[in-house]
Amino acid sequence: MERLTVRVIINLREILMRSSILACVVGAAVLAFPASVVLAGDDALGSRSYEDYETPQACAACHVDIYQQWTQAMMSQAFTHHWDEIEYFELAVKHAQADPAFDPVQKGCNGCHAPLSYLAGDVPPPRPEEGSRANEGVTCDICHTITGRHGDTSFNFNWISEPGRVKYGNKEGAVSPHHETRLSEFLQTGEFCGTCHNEQNPYGMMVKSTQLEWAEGPYAAEGVPCHRCHMPRAEGQSAKMAAPGMVSQHLFHGAHDAGKVGGSVELRMHPEERELLFDDTVVVKVQLFNAKAGHKIPTGSVEDRIVWLHVTATDSEGTTWHLPVDPKGFDGEHWTIASDELAYQDLGIALGDPSFAGLPRDGVPVGDRIFRKPYLDPEGRMTIQQWYTKSFGPDYRLGPRETKIETFTWQLPDDLAMGEVTFRAVLNYKRLVQPVAEFLNVPADEYETIVINSASTWVEVYD
Ligand code: HEC
Ligand code: HEC
Ligand code: HEC
Ligand code: HEC
Ligand code: HEC
C-alpha cells in the first residue's frame, strides 16, 4: 500500500513540499516562517487529541436543523450502529489478533468511522456502550476543519484536518459569533467525499470506490457532485441567527433510506412474441436502467450488499413459476447467478475455527440474477471481509445511467392453463447477505428486503 508521506504546510504562504530534496533546499526558508506539520491518512494516527475538536452539541445551539439532520444520518452512527460494532469488534479486531499483519487495518477502520479516536490514537476505541467520544462518528468538526487532501487520489482518510477557530464552509463571508468561517472549494467537491468513500486494502484492492465510479460517469462530467443528491439545497436558515438563503441539507441519505434506494433503478419488460401456442418457448426481456444514482448500484459496501432480479410467470388459474435468468457467458458469471453453494469460509479466522465450513453464499432464490462485484479472499472464495479481499470477480453492477438487459427463456410447462400468462420482475435489495447477517446476529432491520422496483408484462397462450 502506498505509504502516505508527511505533508508540510507553511501557514503564511501554504507552499507544499513533498520532496525531501526540495525541503532541504528551502529548509532555511521553512525555519524562517511559523510552520506546522499536518499529517494525513495513516500518518495522522495519534497526531491530535480529542480536545482539539468541538463536540456536535457545541454546534447544535445555533445550527439547529443541520444538527438534527446529522443525528438521523448514518454519519452520526458510523461507530455506534450495530452492524459496524459487530464487524469491527467481532471480525476486524479479532482477525488482527489472529494475524498481526492486519493490525494497521484494524486501526485504519477508525480513520473513517471514528476519526476523532484515530487522530487521538485511541484505537481500538472503547465499545459504543462506554460512551466515549468515538461515538461521535463522522462529526461536524471533522468535516468542517478539513482543508485539503494528501496526494492526487482520494482514499483511506487522506484528508488534512486543521482544527481550530476556523470552520470551512461553502459560502464567502459568513459571519458567526462562535467561530470564524472560510470558503472551501475542496469541501464542495466529490473528491472531498472520496477521502472516506474510496478505500484501498492491504492487498492494494480498491474495496470502496464510490467517488471513482462517480468520477468516470456522466454526473462528474456534468459538474454534479455528490452533494446535489445527498445534501440537496433548500430555502431556510443555516443557523438560528442567519439570514434566510439556500442551505445545504445534511441528509446523507443512502442505503439506510428505503426511499433513496427505491426507484433508483427503473424496470421495464416485454416478451418477444405476444401470442403463443401451448408448446412454445417464451422469451422475455427485462431492461434495468440506473436512473437515479451518481455511481454504480450497489456501491460503497459492495461486499455486503445484494441486489437481485426475481422473475415469475403466473397463468390464468393463478399458478406461479419461477424463471431462472439466461446466462450470458462472461467470465466469472457464476458469481452473478444465485446458487446455494457455500462461501465466507474466511470468517473462520476471526472465529478461531480454521475449518469453518462456510455459509450459503446468497440466500436468494437459485437462478436469480445478482448485480454485484464479488470480493474474493486469498483462496478465491467469496468474502464479506473487505480487508481480506485479494481479487475481484466480474464487476456486474449497474453503472450510473447504464441500462442492462436480462433475458428469460421459458419452455411453457405441460400443466399451464390456457389464456393470459403474466410475467412479473422484481428488483430487490438487502444491505447485508442474509445468511451472514443471521449467523452474526445482526439486527433484522439491517437485512430487510427493500424493493427497488418492479415491472410486468403478459402473453396469450392458445391450444
Ligand atoms: C453561537 C452560534 C454558533 C455556533 C455555536 C456555531 N456556529 Fe457555525 N455559524 C453560525 C452562524 C451565525 C453562521 C453564519 C450563517 C450564515 O450567515 O449563513 C455560521 C456558519 C457556519 C458555517 C458555514 C460557513 C460557510 O462558509 O458557509 C459552518 C461550516 C459552521 N458554521 C460550522 C459550525 C460548526 C462545525 C460548529 C460547532 C463546532 C458551529 N458552526 C457552531 C453560528 C454558530
Ligand atoms: C460528512 C461531512 C460533513 C459533516 C459530518 C457535517 N457537514 Fe456541514 N457541510 C458539509 C459540506 C460538504 C457542506 C457544503 C455543502 C455544499 O457544498 O452544498 C456543508 C455545509 C455546512 C454549512 C453551511 C450550509 C449552507 O448551505 O449555508 C453549515 C452551517 C454546516 N455545514 C454545519 C454543520 C454542522 C453543525 C454539522 C454537525 C451537526 C455538520 N455541518 C456536519 C459536510 C459536512
Ligand atoms: C470522514 C469520513 C467521511 C467523509 C468525509 C464523508 N463520509 Fe459519507 N460516510 C462515512 C462513513 C464512515 C459512513 C458509514 C456510516 C455507517 O454506516 O457506518 C458514511 C455514510 C454515508 C452515507 C450513508 C450510506 C447509508 O448506508 O445510508 C452517505 C449517503 C454518505 N456517506 C455520503 C457522503 C457524501 C455525499 C460526502 C461528501 C459531501 C461524504 N459522505 C463524506 C464517512 C465519510
Ligand atoms: C445523481 C444523484 C447522485 C449522485 C451524484 C451521487 N449519489 Fe450516492 N446515491 C444516490 C442514490 C439514488 C442512492 C441510492 C441507491 C444506491 O444505493 O446506490 C445513492 C446511494 C449512495 C450510498 C449508499 C450506497 C450503499 O449501498 O450503501 C453512498 C455511500 C453514496 N450514495 C455516496 C455518494 C458519494 C460519495 C457520491 C459522490 C462521489 C455520490 N453518492 C453521488 C444518488 C446519487
Ligand atoms: C476509507 C474509509 C473507510 C475505512 C478505512 C473503513 N470504512 Fe467502513 N465504511 C466506510 C464508508 C464510507 C461506508 C459506507 C458505505 C456505504 O454506505 O455503502 C462504510 C461502511 C461500513 C460498514 C457497513 C455499514 C452499513 O451501512 O451497512 C461496515 C460494517 C464497515 N464499514 C466496517 C468497517 C471496518 C470493520 C473497517 C476496517 C476493517 C472499515 N469499515 C474501514 C468507510 C470506511
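**Note on the predicted model: confidence, ligand shells and domains**

1. Start at the N terminus. In this predicted model, residues 1-35 keep a pLDDT under 50 throughout, and the model has 39 contacts beyond four places in sequence for them. Where pLDDT is low, the predicted coordinates should not be read in detail.

2. Now the whole chain. The mean pLDDT of the protein is 93. A value of 70 or more is reached by 92% of its residues.

3. Ligand 1 comes next. Its shell holds 25 residues, and the closest are Cys-59, Cys-62, Gly-169, Lys-171 and Ser-176. Two helices and two strands give two or more residues each: helix 3 (56-60), helix 8 (140-143), strand 6 (166-169) and strand 7 (180-183). By class, the shell around ligand 1 has 12 nonpolar, 9 polar and 4 charged residues.

4. Ligand 2 is surrounded by 23 residues. Nearest are Cys-59, His-63, Cys-140, Cys-143 and Ser-248. Helix 3, helix 4 (64-72), helix 8 and strand 11 (245-248) each give two or more residues to this shell. Helix 4 gives the most, with 3 residues. The shell around ligand 2 divides into 12 nonpolar, 10 polar and 1 charged residues.

5. Cys-59 deserves a second look. It is among the closest residues to ligand 1, and it is also among the nearest to ligand 2. Helix 3 and helix 8 likewise give two or more residues to the shell of ligand 1 and to that of ligand 2.

6. Which residues come nearest to ligand 3? They are Cys-193, Cys-196, Cys-226, Gly-254 and Ala-255, out of 25 around this ligand. At least two residues each come from helix 6 (103-113), helix 8, helix 9 (190-197) and helix 12 (227-230). Helix 9 supplies the largest share, 5 residues. The classes here are 15 nonpolar, 9 polar and 1 charged.

7. Turn to the domains. The domain assignment gives domain 1 (39-209) and domain 2 (258-462). Their C-alpha centres lie 34 Å apart. Domain 1 puts 19 residues into the contact, and domain 2 puts in 15.

8. What does the side of domain 1 that touches domain 2 consist of, by element? Helix 5 (82-98) and strand 9 (206-209) each give two or more residues to it. Helix 5 has the largest share, 9 residues. By class, this side of domain 1 has 11 nonpolar, 4 polar and 4 charged residues.

Terms used
Residues numbered from 1 in each chain as written. Chains lettered and ligands numbered in written order. Predicted model: local features only at pLDDT ≥ 70, side-chain atom pairs only at ≥ 80, totals over all residues. Near = placed C-beta within 6 Å. Helix = DSSP H or I, 4+ residues; strand = E, 2+ residues; numbered from the N terminus. Nonpolar A, V, L, I, M, F, W, Y, C, P; charged D, E, K, R; others polar. Domains from an automatic or database assignment. Contact = placed C-beta atoms within 7 Å. pLDDT = per-residue confidence, 0-100.
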